[in-house]
Structure formats: structure tokens, C-alpha cells
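Here is a brief report for a first look at this structure. Keep the sequence and the 3D view at hand while reading.

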Amino acid sequence: MFVGISVNGFARLGPHVVAPIAWTLLAPIAVVLGDKGGLIWPSLLALAGSAVLTLAVGWVIKQASGFGISPHTAPESAAVTVLAFTLGPVMLVGGLLVAWVCWARVKLGEDTFAEAAAGVLLGILVGGLGWIGLIVFLFS
């Protein structure tokens, strides 16, 4: 482990510091590197929309059933899914960040394993379907 950082400190570092900085930096990187086919702006729209939609769906499920879907892992995995469609499989490396956030949320007791896993699944579903829907809408 890093000198002076406890396991809990390392766990907090992922979702509270590294993840927000990473996604803030990914938008301009995606614009610069990903505008090969002119799909980067729809991709960024899908990225923002999928993040908002995962939070909304998670909230509705929480209200209806009492089961809380992680509000951290869902948008993270949706973002990785959208960026993988946009920039290619290299963006799946972002899955390591999602794994770190999942582990951290469970380690800190902020989410259960089931809540973190449900967030990842919801994010993949919303990110993938949202991107496909956007492409169909734009090109039909």
C-alpha cells in the first residue's frame, strides 16, 4: 500500500477523488481523440444522458422496492460502456476504475455487494441501450 494511506483511505480515494477527476478529464480526451466518424457529440450526449438515467432508474427502484442500486457504480459503468462504443475496446480499461469504486463502496460499508453489482449491471444496460438507441435515432 502507499506510504501513509490506510486501506480505508485507499478505498475513499477511488470514488471520492480519482473517479470524478477521471470522468472530468475523459470528456475533452474523447472530443480530441474520438471524433473520427463525427459521432463524438452524440456520444457525449449519450454519456451524460446515461449517467442521469441510471441515477433516475436507481432512485425509482429504491422507492418502489427498497433495494438501493449504487449511485456511484451505475453511472461509472454506463460511462465505460458508452466510451467503449465511441473510442473502442481500449476504454474498457475504465472497468478497472469501476472495479475500484465497487470494492471501495463495499469496503466502506456504503453499499452492499448486491447494490454495487446491480449498479454495474444497470450502468451497462443503460449505457449500451442508450448508445444503440441514439445511433438508431440519428441514422434512421
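## A glycine and its contacts

Gly-58 touches Ile-69 and Leu-122, leaving aside residues up to four places away in sequence. The model is a predicted one. Gly-58 belongs to helix H2, which spans residues 40-65. Is Gly-58 buried or exposed? Gly-58 is buried, because its relative accessible area is 8% and buried means under 20%. Pro-71 is another residue to look at here. Gly-58 and Pro-71 are 13 residues apart in sequence. In space, their C-alpha atoms are 7.1 Å apart.

## Two helices side by side

Two packed helices are described by the angle between their axes and the distance between the axes. Take H3 and H4. Helix H3 covers residues 73-87, and helix H4 covers residues 94-107. Their axes come within 9 Å and cross at roughly 175°. H3 is therefore roughly antiparallel to H4, since angles over 145 degrees count as such. On the H3 side, the contact is made by Thr-73, Glu-76, Ser-77 and Val-80. On the H4 side, Gly-94, Gly-95, Leu-97, Val-98, Val-101 and Cys-102 take part.

## A charged network

Side chains of opposite charge can pair when their charged atoms come close. How many salt bridges are counted in this model? The count comes to two. Both are set out below.

| Acidic partner | Basic partner | Closest N to O distance |
|---|---|---|
| Glu-110 | Arg-105 | 2.5 Å |
| Asp-111 | Arg-105 | 2.9 Å |

Salt bridges that share partners join Arg-105, Glu-110 and Asp-111 into one network. How is each member placed? Arg-105 counts as buried because its relative accessibility is 7%. Asp-111 is buried too, as is Arg-105. Glu-110 is partly exposed, with a relative accessible area of 35%. That value falls between the 20% limit for buried and the 50% limit for exposed, so "partly exposed" is the term for Glu-110.

## A nonpolar patch

Now turn to the surface. Which residues form a nonpolar patch there? Phe-85, Ile-132 and Val-136 do. Together they have about 280 Å² of accessible area. Phe-85 sits in helix H3, the helix that is roughly antiparallel to H4. With a relative accessible area of 43%, Phe-85 is partly exposed. Patch residues need over 30% relative accessible area, so Phe-85 meets that cut-off.

Notes. Residues numbered from 1 in each chain as written. Predicted model: local features only at pLDDT ≥ 70, side-chain atom pairs only at ≥ 80, totals over all residues. Heavy atoms only, no water. Patch = residues over 30% accessible without salt bridge, like charges linked within 9 Å, V, L, I, M, F, W, Y side chains within 5 Å. Areas by Shrake-Rupley, 256 points an atom, 1.4 Å probe, with all protein chains shown as cover. Salt bridge = Lys/Arg side-chain N within 4 Å of Asp/Glu carboxyl O. Helix = DSSP H or I, 4+ residues; strand = E, 2+ residues; numbered from the N terminus. Buried < 20%, exposed > 50% of the residue type's maximum accessible area, 1.4 Å probe, protein only. Axes fitted to C-alpha atoms, helices over the stretch in contact; angles between N-to-C directions. Parallel < 35°, antiparallel > 145°, perpendicular 65-115°, else oblique. Contact = heavy atoms within 4.5 Å.
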